[in-house]
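Biologist: Thanks for sitting down with me. Could we walk through this model together, one question at a time?

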Amino acid sequence: MLESLSERLQNALKFITRQAYVSEKEVAEYLREIQRALIMGDVDVKLVSQLTEEIKKEFKEPREEHGLSLKDRVVYATYQGLIRILGGEKKELRILPHQLNIFVFMGIQGSGKTTSVGKVAYFLKKRNRRVGVISGDVFRPGAADQLRQLLEGTGIPLYVEPLGNSSVEVIKNGVKWAKGLDLEVVLVDTAGRHRSEESLMNEMKQIIDEVNPTAAILVIDAMIGQQARAQAEAFNKVAKVGYVIVTKLDGSAKGGGALSAVASVGAPIVFVGVGEGLEEFEEFDPVKFVSRLLGRPDLESIVARVQQMSKEERLRMQKIVQGKFTIEEFIQQLESVKKIGDLQALLSNLPGGRKLDKKELEEFMGKLKRWKAIVNSMNIEERNDVTMLNSSRVKRIARGSGTSEKDVRELIKQYTATKKAIRKMSKGALRKLPHLRF
Ligand code: GDP
Ligand code: MG
């Protein structure tokens, strides 16, 4: 489902997460890739530019409370922006208690109405709802047979009248039939084939006025991409669209376009069709959908992780990311990273960083031990200002800590370079970060 869109978005994400250092330039390139992916997926240009503006804003004016690294921020803004353009929180088909819920399906011919009626009926049946179906397509001779076949073996009752009767009459009779069976839900299939769009809309209006359904469900074919917006608006004028089902998401490269276009009308998408079979049908949940699209099921946890950070740690981090830390605090920070995993993450976030293998990691741990000894051999003034370390002091410290002068110089160099890199970045957008994420 939407493989090419997914692949392009994931490539953009890979590009940004691979960067050791994220500046405006990388973000701009990332946004270009995101834009390209969405536009090729037939997402409306306006929606795309809104989304990319949001991401840019997140980069330029980071919201303090997140405390995320810049990369995570950009990724997270993308994730949330995509969820928003797909309609936000998951919406569900609401079944009202103690009454017959009537759902009238509408949509143009071939959009997948009849198939979707079968799928929704089956979906509800599996959830132990007393559900039935009315075949209200009085134009197509095969319509009732198609429903009969779809529902075969499911035990879902179907109401059919001979061809030639008026659709409004058939549906009215069907509703009586459903009440007689004490059903909770009845789904009404309608015809999409008409001489003109106007006559289709007129008939829909008549049906809606006559049966006064619980909700009208609009069925839209994903193949039409962003044109789905105009279609949803046209139907909405005739009968308020309560819910939308987007079909054929399995075969369309324009699915993202159709979904976002529908959501932009404000119509809640409740289901998507992903194949011809009864079971090839899913509830639509923008959050899960986007996680799958981006291939990052961990996104929610990014924020959760940050929120777990203690206030104390935040203050300390703040000092660090502003580049205001002494060599002692530098060592403390490295030391506080006790878990190897965190250390790995820390190091892979250093400029030019990458994951270390086991040997390198051991080397690093050894180095850390030496660095600690070196700092312990410094006096207070030296710890607060390493620039005063001339060669005689370096010699003294090396001797005192049982290390070499080379070790001392390396530590000073690392500390100074790190501080400089962080200062440079904090002028940009870094404010608060979890752990040492450079
Ligand atoms: P209607 O004219 O609106 O009632 O549309 P139908 O339900 O008859 O569907 C038209 C065609 O689309 C049929 O061949 C269906 O099997 C097919 N179809 C419907 N939904 C889906 C879907 O989600 N995926 C795929 N691949 N085909 C679908
Ligand atoms: Mg049909």
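Biologist: Glad to have it on screen. Which residue of strand 6 stands opposite L218?

Modeller: Keep in mind that this is a predicted model. Strand 5 covers residues 215-221 and strand 6 covers residues 241-247, and the two pair in the parallel sense over six bridges. Across from L218, in strand 6, you will find V244.

Biologist: Which strands stand at the edges of the sheet?

Modeller: The sheet is open, with eight strands in mixed pairing, and their order is 3-2-4-1-5-6-7-8. A strand at an edge has a single partner, so one side of it is left without a neighbour in the sheet. That describes strand 3 (158-159) and strand 8 (281-283).

Biologist: What angle does the direction of helix 7 make with that of strand 2?

Modeller: Helix 7, residues 167-180, packs on the sheet. It touches strand 1 (101-106), strand 2 (131-136), strand 3 and strand 4 (185-190). With the direction of strand 2, that of helix 7 makes about 165 degrees.

Biologist: Which element gives the largest share of the lining of the second largest pocket?

Modeller: That pocket holds about 410 Å³ of space. Its lining has 23 residues, and G110, G112, T115, Q146 and K248 lie nearest the centre. By class, the lining has three nonpolar, twelve polar and eight charged residues. The largest share, five residues, comes from residues 113-126, that is, helix 5.

Biologist: And the second largest cavity: how many charged residues are in its lining?

Modeller: The count comes to two cavities of 30 Å³ or more, and the second largest has about 70 Å³ of space. Among its lining residues are L5, L38, I85, S260 and F289, and the elements giving two or more residues are helix 1 (3-18), helix 4 (70-85), helix 10 (255-265) and helix 11 (286-294). Sorted by class, this lining has nine nonpolar residues and two polar ones, while the number of charged residues is none.

Biologist: Last one: what is the N to O distance in the salt bridge of E53 and K56?

Modeller: Side chains of opposite charge can pair when their charged atoms come close. E53 and K56 are both in helix 3 (residues 45-60), three residues apart, about one turn of the helix. The structure holds 21 salt bridges. For the side chains of E53 and K56, the N to O distance is 3.3 Å.

Technical notes: Residues numbered from 1 in each chain as written. Chains lettered and ligands numbered in written order. Predicted model: local features only at pLDDT ≥ 70, side-chain atom pairs only at ≥ 80, totals over all residues. Heavy atoms only, no water. 1 Å grid on protein atoms, 1.4 Å probe; cavity = no way out; pocket = protein on both sides within 12 Å on 5 of 7 lines; lining within 4 Å. Points joined across faces, edges and corners; volume = space filled by probe spheres on them. Helix = DSSP H or I, 4+ residues; strand = E, 2+ residues; numbered from the N terminus. Nonpolar A, V, L, I, M, F, W, Y, C, P; charged D, E, K, R; others polar. Pairing = 2+ DSSP bridges. Contact = heavy atoms within 4.5 Å. Axes fitted to C-alpha atoms, helices over the stretch in contact; angles between N-to-C directions. Salt bridge = Lys/Arg side-chain N within 4 Å of Asp/Glu carboxyl O.
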